[in-house]
Amino acid sequence: MTFEGRGHALYLSKLFLMTEKDFVPDPYKVFPNEGKVIWKAPSNIALVKYWGKKPHQIPANPSISFTLDTSATTTSLTYKRKKESNGSISFDLLFEGKAKESFKPKIQTFLERIETYLPFLKDYHFVIETSNSFPHSSGIASSASGMAALALGLLSLEKNMVAEMEESHFNKKASFLARLGSGSACRSIEGKLIEWGSHNSIPGSSDLFGTRYPFHVNSVFQDYQDTILLVHKGQKQVSSTVGHNLMHNHPFAERRFEQAHENLDKLQPILAQGDLEGFIEIVESEALTLHAMMMTSRPYFILMKPDTLEIINKIWQFRQETGLPICFTLDAGANVHMLYPKSIADKALQFIKDELVAHCENGQYICDQIGTGAKRINEEV
Ligand code: DP6
């Protein structure tokens, strides 16, 4: 393509960029009286990390994640049309079968944020029943899977109110809504590799929603394993939301945001060719950079624990001794995600039992793998 040709293509693609307005629905045709919808949405683990954001949940840099499989939230949404709309959002919340008042403010804020895009919200009373596949307070962030499952339930209701909604729009809008609950949740709608955040060399990438990674991905990554070593199950001292905000006025922020763009470019041939050495270098560097950003914020903080470092060192030693392509990544906490190809799963699990389980709280770890995305569990009631 000529230089002018490329410029023209870029101009055209910018012209067709979706905006928030594309998610405001046309007036509804029908209002179902009542019903129930259940969705199971997975968690995800970022390879290139989202850390830092602009207003309205816009990421400061693009990120990419493996969608997980077994670590998931199941949310049932029961809805009943109010006789008269009282102009307010109303819902009951049950977590693992019991009323959970402490979760309500986050959900209330989420529903208020998305009301422009789902203007039926005040016309219904909702009962939201939610549970996680992973142990309660395992230190695994449930906000990604939880917000994704709730967004999908609400969107299934909207789908009944409009003449038609194509699956691609459904997934985009679910991701768009989930993002407004928790940024990383927008990467928990589809699988297996999801990119979020506008990036020059990734066609279709958007700050508003996650999209399937559009390039070739080698078969070795199609069934990659993630064993989550539960180092510390308690509440984090600093929430992700607070951490993101500390990237404002952070001395290394701008360079870090550029680096995330560069790492996404570097990943392209690595993912295509199944270059495990290249993969390990980027993924581990991203994990440590994320935590380096925390350690160099003002105020600074450390989320890793001594056992996190013990595990990292043992993984490095094991890799050096055996040559097996096992690596780690971290999210905003002390737990370690150990990533490896399925072909070496037996050896990896033996290594965990022999050397790593001693560093896990109560010896707990979760065996997970790359997954295909959220699933609707019930049919229309
Ligand atoms: C370190 O998505 O939890 O896991 O948008 O404030 O809800 P909020 O933050 P959140 O941040 C996740 C950060 C991360 C990296 C990642 O998943 O990309």
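A residue counts as exposed when its relative accessible area is over 50%, and N362, at 65%, is therefore exposed. This briefing concerns a predicted model. Its main topics are a ligand site with 16 surrounding residues, a largest nonpolar core of 46 residues, and two helices, α4 and α7, that are largely enclosed by the rest of the structure. Local backbone exceptions and the setting of T67 complete the account.

**Ligand site**

- The ligand is surrounded by 16 residues, of which Y50, S182, G183, S184 and R187 are the closest.
- Y50 places a polar side-chain atom 2.7 Å from an oxygen atom of the ligand.
- For K53, an N or O atom of the side chain is 2.8 Å from an oxygen atom of the ligand.
- R187 likewise has a polar side-chain atom 2.7 Å from a ligand oxygen atom.
- The ligand taken alone exposes 460 Å², and the protein buries 92% of that area.
- Helix α5 (residues 240-245) makes the greatest contribution to the shell around the ligand, with 3 residues.

**Nonpolar cores**

- Nonpolar side chains in soluble globular proteins tend to be buried together.
- Within the largest nonpolar core, which has 46 residues, the most contacts are made by L111, I114, F120, F126 and L154.
- At least two residues of this core come from each of β1 (34-48), β4 (63-81), β5 (90-95), α2 (104-114), β7 (124-132), α3 (143-159) and α4 (167-181).
- The element that gives the most to this core is α3, with 10 residues.
- Another core, of 30 residues, lies apart from it and includes L230, L276, C327 and I370.
- Leaving out residues up to four places away in sequence, F120 touches Y28, F31, F126, L154, L157, E158 and M161.

**Helix α4**

- The 15 residues of α4 should span 21 Å at 1.5 Å a residue, and this agrees with the 21 Å between its end C-alpha atoms.
- Because 11 of its 15 residues are buried, α4 is largely enclosed by the rest of the structure.
- The buried positions of α4 are F170, N171, K173, A174, S175, F176, L177, A178, R179, L180 and G181.
- The cover over these buried residues includes β1, β3 (58-59), α2, α3, β8 (193-196) and β9 (210-212).

**Helix α7**

- For α7 (residues 276-295), 20 residues at 1.5 Å each should span 28 Å, and the end C-alpha atoms are indeed 28 Å apart.
- With 14 of its 20 residues buried, α7 is also largely enclosed by the rest of the structure.
- The N-terminal end of α7 is capped by D275, which has a side-chain oxygen 3.3 Å from the backbone nitrogen of E277.

**Backbone exceptions**

- Most residues other than glycine have a negative phi, and most peptide bonds are trans.
- The peptide bond from G191 to K192 is cis, with omega near -10°, and K192 belongs to the loop between α4 and β8.
- R298 and P299 are joined by a cis peptide bond with omega of about -5°; P299 is located in the loop between α7 and α8 (306-322).
- H56, which is not a glycine, has a positive phi of about 60°.
- H56 lies in the loop between β2 (53-54) and β3 and is exposed, with a relative accessible area of 62%.
- N362, also a residue other than glycine, has a positive phi near 50°.
- N362 is found in the loop between α9 (345-356) and β13 (365-369), where its relative accessible area of 65% makes it exposed.

**Setting of T67**

- T67 is located in strand β4 and is buried, with a relative accessible area of 0%.
- Its contacts, leaving aside neighbours within four places in sequence, are P42, S43, N44, R187, E190, G191, K192, I194, Q369, I370, G371 and G373.
- Among these partners of T67 are G191 and K192, the pair joined by a cis peptide bond.
- The contacts of T67 also include R187, which is one of the closest residues to the ligand.
- The T67 side chain reaches the backbone oxygen of E190 at 2.7 Å.
- T67 and S156 are 89 residues apart along the chain, and their C-alpha atoms are separated by 21 Å.

Conventions:
Residues numbered from 1 in each chain as written. Predicted model: local features only at pLDDT ≥ 70, side-chain atom pairs only at ≥ 80, totals over all residues. Heavy atoms only, no water. Helix = DSSP H or I, 4+ residues; strand = E, 2+ residues; numbered from the N terminus. Expected span 1.5 Å × (residues − 1). Buried < 20%, exposed > 50% of the residue type's maximum accessible area, 1.4 Å probe, protein only. Polar contact = N/O pair within 3.5 Å; in protein donor to acceptor, adjacent residues only side chain to side chain. Core = buried A, V, L, I, M, F, W, Y, C linked by side-chain atoms within 4.5 Å. Contact = heavy atoms within 4.5 Å. Near = heavy atom within 4 Å. Areas by Shrake-Rupley, 256 points an atom, 1.4 Å probe, with all protein chains shown as cover.
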